[in-house]
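User: Please take a close look at the largest nonpolar core of this protein chain and set it in the context of the whole model. A connected account would be best.

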Amino acid sequence: MRPPGPRDEAQVRRAASEVDSERFTFLSGADRPWDEILRVLDSERRGVNLAPGRVRADYLLAVVGPDVVGRTSIRYELNDFLLQVGGHVGYAVRPAFRRRGYATRILELSLAELRRAGVQRALVTCDDDNAASAAIITRCGGVLEDMRRESPGVVPKRRYWIDLG
């Protein structure tokens, strides 16, 4: 896993169009110019000049050979939104690369990064109707606390805590 760079634009934008149709955002603000996206991601990584509602975070690509197979967002602290429905980690795998173990590996590496940063317990969430993600989170040590809705009419989020100690 690594941060995106100048050469990743085409694959990341393609991945965003594939995954965004599934009620999941692969890349926040994907309509902006690529150099601006990279600047924002670097600021979030360093925890400086954060936009309202944002926290220090790493956005990393999961790359296998020449292919961007997925991504993770690792948030090092929780604001109210992240505590309710977003969690410490948000990950996605492109449809063509699913069912190969990439999501599990992405989550494992994300949790290891949180552990290195001193986070003791990680919150990982998924849509209530996403059985594959729920199974991955459970396999990685997740214990279901509850389900919460971001707003009426939205699929509830399953909230799992994973002990990193």
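Analyst: The charged side chains of the protein chain number 27 positive and 23 negative, and the centres of these two sets lie 3 Å apart. The model is a predicted one. About 8800 Å² of the protein chain is exposed, with carbon and sulfur atoms supplying 50% of that area. Turning from the surface to the interior, buried residues account for 45% of the 165 residues.

The framework around this interior consists of 5 helices and 6 strands. Read from the N terminus, their order is α-α-β-β-α-β-α-β-α-β-β. The protein chain is as compact as a globular protein of its length, because its radius of gyration of 15 Å is close to the 15 Å that the globule rule gives for 165 residues. Along the principal axes, the C-alpha trace spans about 40 × 35 × 35 Å. Contacts also reach across the sequence: among those between residues at least 6 apart, 57% join residues at least 24 apart.

Now to the core itself. The largest nonpolar core holds 25 residues, of which Y91, L107, L111, L114, V124, I137 and L164 touch the most other members. Two or more residues of this core come from each of the strands β1 (57-64), β2 (67-75), β3 (89-93), β4 (121-127) and β6 (157-163), and from each of the helices α4 (102-116) and α5 (131-139). Helix α4 gives the largest share, 5 residues.

Y91 shows how one member of the core is surrounded. Setting aside neighbours within four places in sequence, Y91 is in contact with F24, R71, T72, A103, I106, L107, V124, S133, I136 and I137. L107, V124 and I137, which are among these partners, are also listed with Y91 among the core residues that touch the most other members. The surroundings of Y91 include polar and charged residues as well, namely R71, T72 and S133.

This core is not the whole of the nonpolar interior. A second, separate core has 15 residues, including F26, L27, Y59 and A92.

One further buried position can be placed in a helix. S43 lies in α2, which covers residues 34-46. With a relative accessibility of 14%, S43 counts as buried, since the cut-off for that class is under 20%. Beyond residues up to four places away in sequence, S43 touches V48 and L50.

Definitions and conventions. Residues numbered from 1 in each chain as written. Predicted model: local features only at pLDDT ≥ 70, side-chain atom pairs only at ≥ 80, totals over all residues. Heavy atoms only, no water. Helix = DSSP H or I, 4+ residues; strand = E, 2+ residues; numbered from the N terminus. Rg over C-alpha atoms; globule rule 2.2 N^0.38 Å. Buried < 20%, exposed > 50% of the residue type's maximum accessible area, 1.4 Å probe, protein only. Contact = heavy atoms within 4.5 Å. Areas by Shrake-Rupley, 256 points an atom, 1.4 Å probe, with all protein chains shown as cover. Lys, Arg positive; Asp, Glu negative; His and termini not counted. Charge placed at Lys NZ, Arg CZ, Asp CG, Glu CD. Core = buried A, V, L, I, M, F, W, Y, C linked by side-chain atoms within 4.5 Å.
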